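Student: I have a model loaded and would like to go through its side-chain packing and backbone details. Can we take it in short turns?

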Amino acid sequence: MSSRHLILGRTTDFITGRKIDDTVDEQVRQKIARFLVEKKGYQKEDIDARRKIRLTVDGNAGETMVDFIIKPGGTPFILINFAPGSIVTRERSTLAAARLVEDYEIPISVITNGIDTHVMDTKSGKIIARGLDKIFSKKEAFDKIAELVLEKISEARLEKERRILYTFDVLSEKECNDFRCSKF
């Protein structure tokens, strides 16, 4: 976690049961996790929390994390990322993550700040719904998965997605931390 987050103590992750740092951002993530289970009908086992993505671009390595991967029946179907502030600025990196985290493109990408939410078709990158309540329920996800053909992405496209995600998540995190550290 970035050094720019104020740690309020420790809390227990709703999905994994592990102890984690409690921050304002983490409190929103925990509300989203509860929403997915209590309102959308997912089991905790249907949700991968804090999945890391390792990236190498031009010999430089870095790591980022996606908040949730929803996988009803074991098939990753929805990727959800939380980011405070304007979600429009995080749409592209969320799409890149959904194209990189598995061996195929995760069909649905969601970016939310806990208030505003964009549900996107990963293939086209278009917003298909707005609002946290528009995330597919477990039943709706199963219905959609039944009609899907999961596609691999070309290596040339994957390289572009790596560069996008590396720039948005790895480089911007490093710059933010360097700036913060150098000013205080």
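The turns below go from rings to cores, helix, strands and backbone angles.

Tutor: This is a predicted model, in which local features need pLDDT of at least 70, side-chain atom pairs count only at pLDDT 80 or more, and totals for chains, interfaces and linings use all residues. Residues are numbered from 1 along each chain as its sequence is written, and side-chain values use heavy atoms, with hydrogens and water left out.

Student: Which residues form the aromatic pair, and is it stacked, edge-to-face or tilted?

Tutor: A search of the whole structure finds 1 aromatic pair. Rings of Phe, Tyr and Trp (its six-membered ring) pair if their centres lie within 6.5 Å; planes under 30 degrees apart count as stacked, over 60 as edge-to-face and the rest as tilted. Phe-77 and Phe-136 have centres 5.8 Å apart and planes at 50 degrees, so the pair is tilted.

Student: Where in the chain do Phe-77 and Phe-136 sit, and how many residues apart are they?

Tutor: Helices (H or I, at least four residues) and strands (E, at least two) are DSSP runs, numbered from the N terminus. Phe-77 is in the loop between strand 4 (60–70) and strand 5 (78–82). Phe-136 is in the loop between strand 8 (127–130) and helix 3 (138–146). The pair links distant parts of the chain, 59 residues apart.

Student: Which ring has the charged end of Lys-44 over it?

Tutor: The test is NZ of Lys or CZ of Arg within 6 Å of the ring centre and within 35 degrees of the ring normal. The charged end of Lys-44 is 4.3 Å from the centre, and the ring is that of Phe-14.

Student: Which element supplies the largest share of the largest nonpolar core?

Tutor: A nonpolar core is a set of buried Ala, Val, Leu, Ile, Met, Phe, Trp, Tyr and Cys residues joined through side-chain atoms within 4.5 Å. Buried means under 20% relative accessible area, exposed over 50%, partly exposed in between (1.4 Å probe, protein chains only). The largest core has 24 residues, and Leu-36, Tyr-42 and Ile-78 are among those with the most contacts inside it. The largest share, 4 residues, comes from helix 1.

Student: Why do the buried residues Lys-138, Ala-141 and Ile-145 count as being on the same side of helix 3?

Tutor: Lys-138, Ala-141 and Ile-145 are buried in helix 3. The arc is that of the directions from the helix axis to the C-beta atoms. Lys-139 and Ala-146 are exposed on the other side. The buried three are on the same side because they cover an arc of only 55 degrees.

Student: Which residue in strand 2 stands opposite Thr-11?

Tutor: Two strands pair if DSSP finds at least two bridges between them. Strand 1 (residues 9–12) and strand 2 (residues 19–22) pair in the antiparallel sense over 4 bridges. Opposite Thr-11 stands Ile-20.

Student: Is Ala-49 buried or exposed?

Tutor: Ala-49 lies in strand 3. Not counting residues up to four places away in sequence, Ala-49 touches Ile-15, Thr-16, Asp-67 and Phe-68 (contact means heavy atoms within 4.5 Å). Its relative accessibility is 14%, so Ala-49 counts as buried.

Student: Asp-58 has a positive phi although it is not a glycine; is Asp-58 buried or exposed?

Tutor: The phi of Asp-58 is about 50 degrees. Asp-58 is in the loop between strand 3 and strand 4. With a relative accessible area of 59%, Asp-58 is exposed.
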